[in-house]
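Me: Please take a close look at one part of this structure, namely how two of its helices pack and how a neighbouring topic, the strand pairing, is arranged.

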Amino acid sequence: MSLKSIYLSTILSESKKNASVNPKQTKNFDGKAINQIQAKKLSSDVTRNILFTFDYELYLGADSGTVNNCMIEPTEKIITILEKHGMKGIFFVDSTYLAQLIRVSKDSPAAYRDLTSIKNQLHRLLSAGHEIHPHIHPHWTDAEYDVAQNRWHLNDLKKYRFSSLNDEQKNIVFDEAINALLSLIKDAFPEYKMDAFRAGGWCIQPFSAFEPCFRKAGIFADFSVIGQLQISSQVKSIDFSSVAANAVPYRFSEDECKPSEKGQYIELPISSIPVSKNTRFDNLVEKIMWRMPFGKSMGDGKGVPYSNDLPVNVELQKLETLSIEHLTFNRIPYYKKYLLSNTFMQFISHPKMVSSHHLKMLDKFLNWVSCNYRINSNWRQLL
Ligand SMILES: [Zn+2]
């Protein structure tokens, strides 16, 4: 189906919705349009598995930003939209940060307030049926806390990759992270089980570095792989080239990129679209949007300066993850097109990077999706 026809089906779907509340509009349809609506309705009995996953975290570079602007506010806005459409989110909580926050909150009232806000939001998420699981950015262990500003500086990136830690450090970092997250929820949700994981910066390789920790913590589902992604830099080293772009979930045992039918672990790959197919016009629009207030991210910190790495060979330029923070009005047709040929779609989003425009587009996209498909947002049904 061409992009033009995707646009057409959007218009028809939206007209169909409007028709139920505004009978006048139905008179504007010609016979052909009505036939197409009926055809669309007949083919709507199709399930799409759409997972909305999030890295629930501050910025990870020179300036962490604030908890309210990077995490609390944007997360609340996002889940309001997901809940409107009956969808659940999966939140990977930066638990290495939590361990640090718990430590400084004993002496800093501002840090204690942040911790309380996060705890309350995690409880609100769990109460509404969303999931929370650990996410680890090991370089938090070298972060400096600025008491006066209540912000963090993460300039030391030596421990960016979990695999860069020695065995003793791995155990300490992983255990502290899991315990920090558990300590915030165990009293209110004693039965809740955290059994999924996403590695910070997708650095899950080699899986042998994580495997003993997964076993110990009872984690069996990983959400770190982006099929075809390759990054080689001073900070990251990723090679997911043996996994097809937009692969569906699969089992594995020792290597997260090698499917194995009887593997005890499951990989739920993050979906992407090829950037090269986007037009120059799209990219120009994106640049202009970033300058507008409605196009600015809600977060207020600074990320890891990947561009300063030596030497950089980032193949990511050819792929773009499906993310709420990428969902501008000119991207919507590509997301719709993706769903025409794929039954599994995993978004990876960062609340800190989402703007008011992205939220509007998410609502618009989910309106279209719910008009055309039956949606499953529960990954456990895929096992
Ligand atoms: Zn992260």
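Reply: In this predicted model, helix H5 (residues 95-104) packs with helix H7 (residues 167-185) at an angle of about 75°, and their axes are 8 Å apart. Because angles of 65 to 115 degrees count as roughly perpendicular, H5 is roughly perpendicular to H7. On the H5 side, the contact is made by Ser95, Thr96, Leu98, Ala99 and Ile102. These residues meet Val173, Glu176, Ala177, Ile178, Ala180 and Leu181 in H7. By class, the contact of H5 with H7 has eight nonpolar residues, two polar residues and one charged residue.

The strand S2 comprises residues 89-94. Six of its six residues are buried, so S2 is largely enclosed by the rest of the structure. Gly89, Phe91 and Val93 point one way from the strand, whereas Ile90, Phe92 and Asp94 point the other way; residues of both sets are buried.

S2 has pairing partners in S1 and S3. With strand S1 (residues 47-56), S2 pairs in the parallel sense over five bridges, and Phe52 stands opposite Gly89 of S2. Between these two strands the chain passes through helix H4 (residues 67-84), giving a β-α-β crossover that is right-handed. With strand S3 (residues 131-136), the pairing of S2 is likewise in the parallel sense and over five bridges. Here Phe92, one of the buried residues of S2, stands opposite His133 in S3.

Technical notes
Residues are numbered from 1 along each chain as its sequence is written. This is a predicted model: local features need pLDDT of at least 70, side-chain atom pairs count only at pLDDT 80 or more; totals for chains, interfaces and linings use all residues. Axes are lines fitted to C-alpha atoms, for helices over the stretch in contact, and angles run from 0 to 180 degrees between N-to-C directions. Helices (H or I, at least four residues) and strands (E, at least two) are DSSP runs, numbered from the N terminus. Angles under 35 degrees count as roughly parallel, over 145 as roughly antiparallel, 65 to 115 as roughly perpendicular and the rest as oblique. Two residues are in contact if their C-beta atoms, placed from the backbone, lie within 7 Å. Ala, Val, Leu, Ile, Met, Phe, Trp, Tyr, Cys and Pro count as nonpolar, Asp, Glu, Lys and Arg as charged, and the others, Gly among them, as polar. A residue is buried if 20 or more other C-beta atoms lie within 10 Å of its own, exposed if 12 or fewer, and partly exposed in between; C-beta atoms are placed from the backbone. Two strands pair if DSSP finds at least two bridges between them. A crossover is right-handed if, with the strands pointing away from the viewer, the path from the first strand over the helix to the second runs clockwise.
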